[in-house]
Amino acid sequence: MKKTVLVSGGAGFIGSHVTVELIEAGYDVVVADNFSNCDTTCFEGVKKITGREDIPLVKMDFCDAAAVDKLFDGYPIDAVIHFAAYKAVGESVAKPVMYYKNNLQSFLNVLEAAEKHGGCNVLFSSSATVYGEPDELPVTEKSPRQPATSPYGNTKQICEDILSDTVKASSGAIKGIALRYFNPIGAHPSALIGELPRGVPNNLVPFITQTAIGKRECLSIFGNDYPTPDGTCQRDYIDIVDLAKAHVYAVTRMVEGKMKKDYEIFNIGTGRPVSVLELVNAFEKVNGIKLNYKFAPRREGDVTAIWADPTLANEEMGWKAGRSVEETLAAAWAWERHLAGK
Ligand code: UFG
């Protein structure tokens, strides 16, 4: 029998790529989104890529407990992947109440509905931000979490703890996996779905592609005096399709009863540090573009360097990142051109 996966926030950047991979792996998917931070572009793209016009799309807010409950009544949900959350670090510092309310309430509603409906498999989208500025690199899942430096980061830590406690109390009815993403970048190779930031992008790659297309004048590289090989920060950039596939592995592990513990955590990264300057150079080279950039002061709150030890996900789940940074940056550029109609 086909299994059904509910994807909250499924019309967004990560959610849409995950929906494609789930459908291609044979899952039925219910997409639910309140469209607070996206439009229907990616959902339409998902339908085109998969050739499926019949993917259920529910417009709803996960902070509405009755609506979440109704969703669980309406579909035979075997697993939930919870993306629905606000995600801008700076905005969370300015509007902490809004962040805590939205990110915690929506997840609590999912768990409450799961409890009411006899249990569920719950996949939570967490972040490498929980490691803060790590003492040792690369970070493993056993590396200590550091006190969060923003309300956004804190909501990731709190939701991990809520999931872990709920699983513990549920006597096996609720199983949980937290995937800690490093830096997801890129777009689907079809160029039909990708990142669609509203306003000025906070993240590096959309800023690069928007500069390359002429929407932004110049990329500022925040800091070139860090204690790294070239002075710019290092991150673990993970291709969005590779990241999406990790969700299929995790869901399958849950629904097929292959988990070793009822609550598990996996790092989702490549294990390869790449500096901002290296990423910019790779973008220029693979796409044959000269990018307008300058060095600017450090951005507050940035960690110097972080990358994953992905061994656990590789060995336990059988998932491994496959695409090169060059392929990923070519896909990101193709998506930006698609948006510009070029
Ligand atoms: N950067 C620039 N110029 C820009 C944008 C970014 O130089 O215009 C640099 C940043 O300083 C950083 C690197 O590019 O060194 C990556 O920055 P991103 O904003 O793309 O990603 P972050 O590593 O800051 O963010 C990630 C996740 C967040 C998470 C955060 C916590 O995207 O979800 O880590 O540190 F909260």
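## Cysteines

At 4% relative accessibility, Cys-233 counts as buried in this predicted model. The sulfur of Cys-233 forms no bond with another cysteine, because the closest cysteine sulfur, in Cys-218, is 17 Å away and too far for one.

Across the structure there are 0 disulfides. Cys-63 likewise takes part in none, the nearest cysteine sulfur being that of Cys-159 at a distance of 11 Å. Cys-63 is partly exposed, with a relative accessible area of 28%.

## Surroundings of the ligand

The ligand is surrounded by 18 residues, and the closest of these are Tyr-152, Leu-204, Ser-220, Arg-235 and Asp-302. By type, the residues of this shell divide into 10 nonpolar, 5 polar and 3 charged.

Helix H7, which spans 204-213, and strand E8, which spans 219-222, each supply at least two residues of the shell, and E8 gives the most, with 4 residues. In terms of domains, the shell draws at least three residues from domain 1 (4-186 + 237-268) and at least three from domain 2 (204-235 + 271-337).

## Polar contacts and cover

Oxygen atoms of the ligand lie beside polar atoms of the protein in several places. A polar side-chain atom of Tyr-152 is 3.1 Å from an oxygen atom of the ligand, and an N or O atom in the side chain of Asn-203 is also 3.1 Å from a ligand oxygen. Phe-222 takes part through its backbone, where an N or O atom lies 2.9 Å from an oxygen atom of the ligand. Of the 680 Å² of accessible area that the ligand has on its own, the protein covers 87%.

Technical notes. Residues are numbered from 1 along each chain as its sequence is written. This is a predicted model: local features need pLDDT of at least 70, side-chain atom pairs count only at pLDDT 80 or more; totals for chains, interfaces and linings use all residues. Side-chain values use heavy atoms; hydrogens and water are left out. A residue is near a molecule or strand if one of its heavy atoms lies within 4 Å of it. A polar contact is a pair of N or O atoms within 3.5 Å; within protein, one must be able to donate a hydrogen and the other to accept it, and residues adjacent in sequence count only if both atoms are side-chain atoms. Accessible areas come from the Shrake-Rupley method with a 1.4 Å probe; for residues, only the protein chains shown count as cover. Ala, Val, Leu, Ile, Met, Phe, Trp, Tyr, Cys and Pro count as nonpolar, Asp, Glu, Lys and Arg as charged, and the others, Gly among them, as polar. Domain bounds come from an automatic or database domain assignment. A disulfide is a pair of cysteine sulfur atoms within 2.5 Å. Buried means under 20% relative accessible area, exposed over 50%, partly exposed in between (1.4 Å probe, protein chains only).
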